[in-house]
Amino acid sequence: MNDRRRRGRSGRRPTRGPSDAGASGGEHLTEYRRRRDFSRTAEPKGREPADDSAPRFVVQIHDASSLHFDFRLESDGVLKSWAVPRGPSTDPGDKRLAVPTEDHPLDYRNFEGVIAEGEYGAGTVIIWDEGRWAFEGRGSAADALAGGHLSFRLDGHKLHGGWALTRFRQNAWLLVKRDDRHANDHGTPDPARARSARTDRTLRQTAADAAHASAVGDDDEADADPS
Ligand code: MN
């Protein structure tokens, strides 16, 4: 069902060569790392290995040059990622554009904070929703993604039930809620008022906390892991 289950605890494929040593995600993360200067951003480099339980998902709200939601599904040792300008909608009648972005490391699911001015994706990020997801269908999730259609369930704090991601042209997918008991006409909350599933903070509060932390000389303000 899920090809991750066949792997060891390291999350690496046994068939991979030595080129991916040192971090999980292997060559999938080349583009992610190329875009970032890790001496200047607190975003993770990507060291968290996959575990053997159900794969995770995260939906972040990212107040970058244009505000958007980032929808990420753990698959194949990385977070497969889409930028969803209007965000996921609980209304099955809403077809939301989802533009693929580079694979992100698994530990990006923990990132909430501020990406510094001048850096790629500069702006504030909150973890709007997170949880586990399950592929529905034949074969593997990786094959379904490669084929351009994925049916799945989400078990998050805010998002639940059946969903589908469908590619309709190169670099353009649609994210649609299935019409099930978790469907409703609430749509998507106002991102300016939406709160972090993890810290209950809004974007504005998260940015203010980061500014305050840097003003008092604490450079841990954007640390991805609060524990
Ligand atoms: Mn983004």
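Modeller: Rings of Phe, Tyr and Trp count as a pair if their centres lie within 6.5 Å. In this predicted model, Tyr32, Phe38, Tyr108 and Phe111 form one aromatic cluster.

Colleague: How many aromatic pairs does a search of the whole structure find, and what makes the pair of Tyr32 and Phe38 a tilted one?

Modeller: The search finds 7 aromatic pairs. The ring centres of Tyr32 and Phe38 are 6.1 Å apart, which is within the 6.5 Å limit for a pair; their planes stand at 35°, and because stacked requires under 30 degrees and edge-to-face over 60, the pair is called tilted.

Colleague: Why is the pair of Trp133 and Phe152 called edge-to-face?

Modeller: For Trp133 and Phe152 the centres are 6.0 Å apart and the planes meet at 85°, and since an angle over 60 degrees counts as edge-to-face, that is the class this pair receives. Trp133 lies in strand E6 and Phe152 in strand E7, so the contact ties together parts that are 19 residues apart in sequence.

Colleague: How do you know whether Tyr32, Phe38, Trp133 and Phe152 are buried or exposed?

Modeller: Buried means under 20% relative accessible area and exposed means over 50%. Tyr32, at 0%, is therefore buried, and so are Trp133 at 3% and Phe152 at 0%, whereas Phe38, at 21%, falls between the two limits and is therefore partly exposed.

Colleague: Which residues touch the most other members of the largest nonpolar core, and which elements give two or more residues to this core?

Modeller: This core has 26 residues, of which Phe71, Leu73, Leu150, Phe152 and Leu165 touch the most other members. The elements that give two or more residues are strands E1, E2, E3, E6, E7, E8 and E9 together with helix H2 (141-147), and E6 supplies the largest share, 4 residues. A second, separate core holds 11 residues, including Tyr32, Val78, Leu79 and Tyr108.

Colleague: What makes His62, His68 and Asp70 the residues that coordinate the manganese ion?

Modeller: Coordination is provided by ND1 of His62, NE2 of His68 and OD of Asp70 at 2.1 to 2.3 Å, and because a donor is an N, O or S atom within 2.8 Å of a metal such as this one, these atoms qualify as donors. Along the chain the donors follow the spacing H-x5-H-x1-D, and both His62 and His68 are buried. Water is not among the atoms, so the site may look incomplete.

Conventions:
Residues are numbered from 1 along each chain as its sequence is written. This is a predicted model: local features need pLDDT of at least 70, side-chain atom pairs count only at pLDDT 80 or more; totals for chains, interfaces and linings use all residues. Side-chain values use heavy atoms; hydrogens and water are left out. Donors are N, O and S atoms within 2.8 Å of the metal (3.2 Å for Na, K and Ca); water is not among the atoms, so sites may look incomplete. Buried means under 20% relative accessible area, exposed over 50%, partly exposed in between (1.4 Å probe, protein chains only). A nonpolar core is a set of buried Ala, Val, Leu, Ile, Met, Phe, Trp, Tyr and Cys residues joined through side-chain atoms within 4.5 Å.
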